[in-house]
Amino acid sequence: MAIDTLRRFFLPCFFPTTTTTTTKPPLSLSKKRPNTSSLRHTTTTTTSPSSSTSSSSTSTTTLAPPRPSKSMVVGTIFGNRNGHVWFSIQHDRLSFKPTLLLELPISTNLLVREMQNGVVRIALESNYQSTPLRSIPVWTVFCNGKKTGFAAKRKASEHVRSVLKTMQCVTVGAGVIPSKFRSSSDSGSGLGSDELMYMRANFEHVVGNADNESFHLINPDDCPGQELSVFLLRSTLGAVDR
């Protein structure tokens, strides 16, 4: 039920259901070739199969596509079907060591319910003053204005890295990793033995100053999709020095 809801509200923003119209080539293409500039790519791929084969083999060996902007990162939200979610930030989808990994107190069911509204704002606040923002160990979490508990910064365990490695071919989308592909030692990582649900997308990383930064989900062009943002905020009220 939960994964169906995630796919319903998350995947359409990346794979819109608009019908595509294919333009038919002229019947007498061999005799007259109008507008050859628009057909040049099609002609070269059909007349030289060897070049298409070499190009396809080259694309499979490409490690990672170039990023459209230096501020773009890969964000992955994952967690057990009946558990809470984790938030991972990577420089690109092929790096197994996240630059930021947070264990959130938000349950998968709560996240699905909030996503049904189309807008999800997750704010993490802390009053640690003498600690770099990304090194703060504990955060107070608010989901769409409601306090949900406390989040913790985690180091990527071997299991987390294996999960990210399993999803390295995923650019954007949502899905499920069956429990049969997971080892029996996964319980020590904070993730149970049931199915693992995930959502992956590109995020725009915005740094305000040393006390705040945020991650905003990037939707494809001409597709409104889901609004999802995660904020890291240092509060000066009741500040403590640890």
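**Exercise 1. Strand partners of β8**

Task: Find how strand β7 (residues 173-177) pairs with β8 in this predicted model, then list further partners of β8.

Solution.
Step 1. Strand β7 and β8 run antiparallel and share five bridges. Within this pairing, look for Gly175: it stands opposite Tyr198 in β8.
Step 2. Turn to strand β1 (residues 72-80). It also pairs with β8 in the antiparallel sense, over nine bridges. Val74 has Asn202 of β8 as its bridge partner.
Step 3. Move on to β9. Six bridges hold β8 and β9 in an antiparallel pair. Asn209 is bridged to Asn212 in β9.
Step 4. Check the connection. A hairpin of two residues joins β8 to β9.

**Exercise 2. Rings around Phe87**

Task: Classify the ring pairs that Phe87 makes with Phe203 and with Phe215. Then say where the residues lie in the chain and whether they are buried or exposed.

Solution.
Step 1. Count the pairs. The structure has three aromatic pairs.
Step 2. Take Phe87 and Phe203. Their ring centres are 5.9 Å apart and their planes make an angle of 75 degrees, an edge-to-face pair.
Step 3. Place these two residues. Phe87 belongs to strand β2 (residues 84-90) and Phe203 to strand β8 (residues 196-209). They are 116 residues apart, so the pair links distant parts of the chain.
Step 4. Take Phe87 and Phe215. The centres are 6.1 Å apart and the planes meet at 65 degrees. An angle over 60 degrees counts as edge-to-face, so this pair is edge-to-face.
Step 5. Place Phe215. This residue sits in strand β9 (residues 212-217), 128 residues from Phe87 in β2. Again the pair links distant parts of the chain.
Step 6. Test burial. The cut-off for buried is under 20% relative accessible area. Phe87 has 1%, so Phe87 is buried. Phe215 has 0%, so Phe215 is buried. Phe203 is buried as well.
Step 7. Put the rings together. Phe87, Phe203 and Phe215 make up one aromatic cluster.

**Exercise 3. Two helices**

Task: Decide how enclosed helix α4 (residues 108-115) is, and describe the surroundings of Arg161.

Solution.
Step 1. Start with α4. Six of its eight residues are buried, so the rest of the structure largely encloses this helix.
Step 2. Name the buried residues. They are Thr108, Leu110, Leu111, Val112, Glu114 and Met115.
Step 3. Go to Arg161, found in helix α5 (residues 158-166). Its relative accessible area is 31%. Partly exposed covers values between 20% and 50%, so Arg161 is partly exposed.
Step 4. List the contacts of Arg161. With neighbours within four places in sequence left aside, they are Phe96, Lys97 and Ala156.
Step 5. Compare sequence with space. Pro98 is 63 residues from Arg161 in sequence, yet 8.3 Å away in space, C-alpha to C-alpha.

**Exercise 4. A pocket and its lining**

Task: Describe the second largest pocket by its volume, its lining residues and their classes.

Solution.
Step 1. Give the volume. The second largest pocket holds about 150 Å³ of space.
Step 2. Find the lining. It has 11 residues, and those closest to the centre are Glu125, Ser126, Asn127, Thr140 and Phe150.
Step 3. Assign elements. β4 (119-126) and β5 (138-143) are the ones that each give two or more residues. The largest share, four residues, is from β5.
Step 4. Sort by class. The lining of this pocket has five nonpolar, four polar and two charged residues.

Definitions and conventions
Residues are numbered from 1 along each chain as its sequence is written. This is a predicted model: local features need pLDDT of at least 70, side-chain atom pairs count only at pLDDT 80 or more; totals for chains, interfaces and linings use all residues. Side-chain values use heavy atoms; hydrogens and water are left out. Rings of Phe, Tyr and Trp (its six-membered ring) pair if their centres lie within 6.5 Å; planes under 30 degrees apart count as stacked, over 60 as edge-to-face and the rest as tilted. Buried means under 20% relative accessible area, exposed over 50%, partly exposed in between (1.4 Å probe, protein chains only). On a 1 Å grid over the protein atoms alone, a cavity is a set of points where a 1.4 Å probe fits but cannot get out, and a pocket is an open set with protein on both sides within 12 Å along at least five of seven lines; lining residues have an atom within 4 Å of a point. Grid points are joined across faces, edges and corners, and a volume is the space filled by probe spheres set on the points. Ala, Val, Leu, Ile, Met, Phe, Trp, Tyr, Cys and Pro count as nonpolar, Asp, Glu, Lys and Arg as charged, and the others, Gly among them, as polar. Contact means heavy atoms within 4.5 Å. Two strands pair if DSSP finds at least two bridges between them.
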